[in-house]
Amino acid sequence: MNDHRPTIGILNDGAAVSRAAAAALADQIRADPGSALLLPTGQTMLDVYADLVAIVRAERIDLGRVQTFNLDEFYGLPPDHPGTYRSYMHEALFDHVAIPAANINLIDSAATDIAAECARYEQRIAAAGGIDLAMLGIGVNGHIGFNEPGSDFATRTRLITLRDSSRAANAGRFGGDADAVPRQAATVGIATILEARRILLLATGGAKAQAIHAMLHGPITPDVPASALRLHPHVAVLLDRAAASLI
Ligand code: GLP
């Protein structure tokens, strides 16, 4: 097994991490205006999208050919429910920049046949020519997307049962009520993530320090899904000092 060493950037604080991540996204789009981007959600990313909107507006970057794919989505919610990642993405990014609706790809949270929906999503990624840049956060349990611990590295987009810790971490958009967070989600798989040409993972705050340590220095194992990223030759990890405190 090839154990690559990700490029690691340690910045002073979360704001610096967001700015650097937004700059990396903007660089990718300038270099290839038809880029296919894999995009995450979560608290960490809100500032990244705000910073990206500011850059796109200030520099009048054309997003008309960009294609976006979201990493994951809760299952069993109406698409316009405020807890869906579709709603999150519209609030954080899509309502503020001009990405054509046809270029925005999201997993349908209300699909009746979720297996067919996941297969359709994989086909859309393939039809886009694969992912150029995958941006990722990390869960406190080492998940990427919603690939929870135990996820095989050969996994594709599929339905998964969420751990209680992940439901608790996502309670914010459900009025703080972890019980209101769906028990299942669909996520792009680890094999799909590893096929991206480049990967950028961000983490801020001391709550992520253990997961970052395990990802970078522990065994490469499905028990720590993010450790799979060491199988990829082009991974950059951006951390604030707190998230980097154990490495
Ligand atoms: C959710 C998402 C993940 C994300 C994680 C971290 O669980 N499904 O893709 O990485 O949140 O989010 P936060 O930035 O809020 O800690």
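How far is an oxygen atom of the ligand from an N or O atom in the side chain of Lys-208? In this model, which is a predicted one, the separation comes to 2.6 Å, and I would like to start from that contact and then work outwards through the surroundings of the ligand.

Two other residues also have a polar atom facing an oxygen atom of the ligand. For Asn-170 it is an N or O atom of the side chain, at 3.2 Å, whereas for Gly-145 it is a polar atom of the backbone, at 3.4 Å. Taken on its own, the ligand has 390 Å² of accessible area, and the protein covers 88% of it. As for where the ligand is placed, it sits in the largest pocket.

Let me now go through the shell itself, which is made up of Gly-42, Gln-43, Thr-44, Asp-72, Tyr-85, Gly-137, Ile-138, His-143, Gly-145, Phe-146, Asn-170 and Lys-208. Sorted by character, these residues divide into 3 nonpolar, 7 polar and 2 charged.

I will pick out two members of this shell, beginning with Asn-170. Where along the chain does Asn-170 lie? It belongs to the loop that runs between α5, residues 164–169, and β8, residues 184–187. Is Asn-170 buried or exposed? Its relative accessible area is 17%, and because the cut-off for buried is under 20%, Asn-170 counts as buried. Besides facing the ligand, the side chain of Asn-170 makes a polar contact of 2.8 Å with the side chain of Tyr-85, which is itself one of the residues around the ligand. A polar atom of that same Asn-170 side chain also lies 2.9 Å from the backbone oxygen of Ser-166.

The second member is Gln-43, which is placed in helix α2. With a relative accessible area of 66%, Gln-43 is exposed, although it too is listed among the residues surrounding the ligand. Gln-43 and Gly-137 are 94 residues apart along the chain, and yet their C-alpha atoms are separated by 9.3 Å.

Finally, I want to mention a detail of the backbone. Most residues other than glycine have a negative phi. Arg-60, however, has a positive phi of about 50° although it is not a glycine. Arg-60 is found in the loop between α2, which spans 43–59, and β3, which spans 67–70, and with a relative accessible area of 74% it is exposed.

To close, I return to the ligand, whose oxygen contacts include those with the side chains of Lys-208 and Asn-170.

Key. Residues are numbered from 1 along each chain as its sequence is written. This is a predicted model: local features need pLDDT of at least 70, side-chain atom pairs count only at pLDDT 80 or more; totals for chains, interfaces and linings use all residues. Side-chain values use heavy atoms; hydrogens and water are left out. A residue is near a molecule or strand if one of its heavy atoms lies within 4 Å of it. A polar contact is a pair of N or O atoms within 3.5 Å; within protein, one must be able to donate a hydrogen and the other to accept it, and residues adjacent in sequence count only if both atoms are side-chain atoms. Accessible areas come from the Shrake-Rupley method with a 1.4 Å probe; for residues, only the protein chains shown count as cover. On a 1 Å grid over the protein atoms alone, a cavity is a set of points where a 1.4 Å probe fits but cannot get out, and a pocket is an open set with protein on both sides within 12 Å along at least five of seven lines; lining residues have an atom within 4 Å of a point. A molecule sits in a cavity or pocket if more than half of its atoms lie within 2 Å of its grid points. Ala, Val, Leu, Ile, Met, Phe, Trp, Tyr, Cys and Pro count as nonpolar, Asp, Glu, Lys and Arg as charged, and the others, Gly among them, as polar. Helices (H or I, at least four residues) and strands (E, at least two) are DSSP runs, numbered from the N terminus. Buried means under 20% relative accessible area, exposed over 50%, partly exposed in between (1.4 Å probe, protein chains only).
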